[in-house]
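Keep the viewer open and follow the stops below in order. Each one says what to select and then what is there.

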Amino acid sequence: MDLSNLPAIITAVIVLAFLVFTGIRLGAQFLVRRLAGLLFVILGVTFITFTLGFFAPGDAVVAQLGQHYALKAARHALIHFYGLDQPFFVQYGNYLWRLL
């Protein structure tokens, strides 16, 4: 048994135990409503966070390249590597996928 991820396992067990206890004590319908609401809150927070980062001043590629910014090929390669040449919602979808 691999225990390298023990804190995540302990956290998952605690969360699962809490959900079972809450479901038994308060009812499954209440628990489903709360989890559905939590899903919308998480999506809203991630959307706001991503949007603020997307429209923030400055350019991460320029900051990463530093003095080598004059090389257009390096700049375009880095933009393509990070997916910054894709539309806003494609980038947001990639952001959500990588959060999982």
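Start with the contacts of the whole chain: of those with a separation of 6 or more, 45% are between residues 24 or more positions apart. The model is a predicted one.

**The whole chain**

Switch to a cartoon view and colour by secondary structure. The protein has 5 helices and 0 strands, and the order along the sequence is α-α-α-α-α. With a radius of gyration of 21 Å, well over the 13 Å that the globule rule gives for 100 residues, the protein is more spread out than a compact globule. Turn the C-alpha trace along its principal axes, and the spans are about 65 × 35 × 20 Å.

Now show the surface. About 8,300 Å² is exposed by the protein, and 73% of that area is supplied by carbon and sulfur atoms. Of the 100 residues, 14% are buried.

**The salt bridge**

How many salt bridges does a search of the whole structure find? The search finds 1. Select Arg-75 and Asp-59, which form a salt bridge with their closest N and O atoms 3.4 Å apart. Arg-75 is in helix α4, residues 72-82, while Asp-59 is in the loop between α2 (28-54) and α3 (60-65), so the pair ties together parts that are 16 residues apart in sequence. Side chains of opposite charge can pair when their charged atoms come close.

Are these two residues buried or partly exposed? Arg-75 is partly exposed, at a relative accessible area of 22%. Asp-59 is partly exposed as well, with a value of 32%.

**Leu-65**

Keep Arg-75 on display and add Leu-65, which is placed in helix α3. Leu-65 has a relative accessible area of 15% and is buried, because the cut-off for buried is under 20%. Leaving out residues up to four places away in sequence, Leu-65 touches Ala-74, Arg-75 and Leu-78. Draw a distance from Leu-65 to Leu-78: they are 13 residues apart along the chain, and their C-alpha atoms are separated by 8.9 Å.

**Thr-46 and Tyr-92**

Next select Thr-46, in helix α2. Thr-46 counts as buried, at 11% relative accessibility. Which residues is Thr-46 in contact with, leaving aside its neighbours within four places in sequence? They are Tyr-92, Tyr-95, Leu-96 and Leu-99.

Move from Thr-46 to Tyr-92, which is placed in helix α5, residues 88-99. Tyr-92 is buried, with a relative accessible area of 11%. Apart from residues up to four places away in sequence, Tyr-92 touches Leu-43, Thr-46, Phe-47 and Phe-50. For another distance, pick Tyr-92 and Ile-79: they are 13 residues apart in sequence, and C-alpha to C-alpha they are 15 Å apart in space.

**The largest pocket**

Leave Phe-50 selected, since the last stop includes it. Rolling a probe the size of a water molecule over the atoms shows where empty space is left. The largest pocket holds about 290 Å³ of space. To show its lining, select Phe-50, Gly-53, Phe-54, Ala-56, Gly-58, Asp-59, Ala-60, Val-61, Tyr-82, Leu-84 and Gln-91. The elements giving two or more residues to this lining are α2 and α3.

Which element gives the most to the lining? It is α2, with 3 residues. Asp-59 is also part of the lining, so select Arg-75 again to see the salt bridge partner of Asp-59 from this side of the tour.

Note on methods. Residues are numbered from 1 along each chain as its sequence is written. This is a predicted model: local features need pLDDT of at least 70, side-chain atom pairs count only at pLDDT 80 or more; totals for chains, interfaces and linings use all residues. Side-chain values use heavy atoms; hydrogens and water are left out. Helices (H or I, at least four residues) and strands (E, at least two) are DSSP runs, numbered from the N terminus. The radius of gyration is taken over C-alpha atoms; the globule rule is 2.2 Å times the number of residues to the power 0.38. Buried means under 20% relative accessible area, exposed over 50%, partly exposed in between (1.4 Å probe, protein chains only). Contact means heavy atoms within 4.5 Å. Accessible areas come from the Shrake-Rupley method with a 1.4 Å probe; for residues, only the protein chains shown count as cover. A salt bridge is a side-chain nitrogen of Lys or Arg within 4 Å of a carboxyl oxygen of Asp or Glu. On a 1 Å grid over the protein atoms alone, a cavity is a set of points where a 1.4 Å probe fits but cannot get out, and a pocket is an open set with protein on both sides within 12 Å along at least five of seven lines; lining residues have an atom within 4 Å of a point. Grid points are joined across faces, edges and corners, and a volume is the space filled by probe spheres set on the points.
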